[in-house]
Amino acid sequence: MTQSPDCPFCRIVAGQVLATIVYKDDLVTAFRDINPQAPTHILLVPNHHVAGMNEFAEGDANALTAILLAAREIARKEGIADSGYRLVANQGRDAGQSVFHLHFHLLGGRRMKWPPG
Ligand code: AMP
Ligand code: ZN
């Protein structure tokens, strides 16, 4: 599994940094955001290091599909499948990306605005 030594999310995947993991399989890990912006705020990451939306390749397709399936299942378990949720990835400076390991935010449990700020 490709890891990046100084990447905080690689360290969570490897179990070297504690996180509240809600789902894990061979391809994807999901854990609660340390600074939640909604009653449900979970991050889903590929287990291997990919810096962001600009970097993933065709070989990452299975991991990306696994993330979507896991997000849907987690939303159901969190009780927000019917009320609604948002799945979003921030890429780069203008979107406010702060961790450079691809991650999808799963947010729900409150009414959200559109467009995001
Ligand atoms: P982004 O701004 O899209 O790069 O989002 C990074 C997210 O990672 C933020 O919502 C942070 O609160 C969250 N975060 C950073 N470090 C950790 C950590 N160790 N455990 C859980 N969430 C984290
Ligand atoms: Zn990483």
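Contact, as used here, means heavy atoms within 4.5 Å. With that in hand, take a look at helix α2 (residues 61-78), which lies across β1, β2, β3, β4 and β5. Keep in mind that this is a predicted model. Below we go through the sheet, then the helix, then H105 and the ligand.

**The sheet**

- Five strands make up an open sheet, and reading across you meet them in the order β1-β2-β3-β5-β4, with antiparallel pairing.
- Which strands sit at the edges? Those are β1 (21-24) and β4 (85-88), each of which pairs on one side only.
- On average, neighbouring strands of this sheet are turned by 15 degrees against each other, if you ignore direction.
- Start at the β1 end: β1 pairs with β2 (residues 28-32) over three bridges, in the antiparallel sense. Here you can spot Y23 standing opposite A30 in β2.
- Move along to β3 and β5, which run antiparallel and are joined by five bridges. T40 stands opposite G108 in β5.
- Finish at the other edge, where β4 and β5 pair over four bridges, again in the antiparallel sense. In this pairing, V88 stands opposite H105 in β5.

**Strand β5, covered up**

- β5 (104-108) is mostly covered, with five of its five residues buried.
- Which way do its residues point? F104, L106 and G108 point one way from β5, while H105 and L107 point the other way, and all of them are buried.

**The helix and I74**

- Helix α2 runs at about 160 degrees to β3 (40-46).
- I74 is a handy residue to click on in this helix, since its place is in α2.
- Is I74 buried or exposed? Its relative accessible area is 6%, so I74 counts as buried, the cut-off for that being under 20%.
- Leaving aside neighbours within four places in sequence, I74 is in contact with V22, Y23, A30, I42, L44 and L106. Two of these names have come up already as a facing pair, with Y23 opposite A30, and L106 is one of the residues of β5.
- For a sense of distance, try I74 and Q37: they are 37 residues apart in sequence and 17 Å apart in space, going C-alpha to C-alpha.

**H105 and its surroundings**

- H105 lies in strand β5.
- With a relative accessible area of 13%, H105 is under the 20% cut-off and therefore buried.
- What does the side chain of H105 make a polar contact with? Its partner is the side chain of H41, at 2.8 Å.
- Again leaving aside neighbours within four places in sequence, H105 is in contact with D33, H41, I42, L43, R86, L87, V88 and N90.

**Ligand 1**

- How many residues surround ligand 1? There are 15, and the closest are D33, N90, S98, H103 and H105.
- H105 turns up again here: an N or O atom in its side chain is 2.8 Å from an oxygen atom of ligand 1.
- The backbone joins in too, with an N or O backbone atom of G96 lying 3.0 Å from an oxygen atom of the ligand.
- V99 also has a backbone N or O atom that lies 3.0 Å from an oxygen atom of ligand 1.
- Taken alone, ligand 1 exposes 510 Å², and the protein buries 82% of that.

Methods. Residues are numbered from 1 along each chain as its sequence is written. Chains are lettered from A and ligands numbered from 1 in the order in which they are written. This is a predicted model: local features need pLDDT of at least 70, side-chain atom pairs count only at pLDDT 80 or more; totals for chains, interfaces and linings use all residues. Side-chain values use heavy atoms; hydrogens and water are left out. Two strands pair if DSSP finds at least two bridges between them. Helices (H or I, at least four residues) and strands (E, at least two) are DSSP runs, numbered from the N terminus. Axes are lines fitted to C-alpha atoms, for helices over the stretch in contact, and angles run from 0 to 180 degrees between N-to-C directions. A residue is near a molecule or strand if one of its heavy atoms lies within 4 Å of it. A polar contact is a pair of N or O atoms within 3.5 Å; within protein, one must be able to donate a hydrogen and the other to accept it, and residues adjacent in sequence count only if both atoms are side-chain atoms. Accessible areas come from the Shrake-Rupley method with a 1.4 Å probe; for residues, only the protein chains shown count as cover. Buried means under 20% relative accessible area, exposed over 50%, partly exposed in between (1.4 Å probe, protein chains only).
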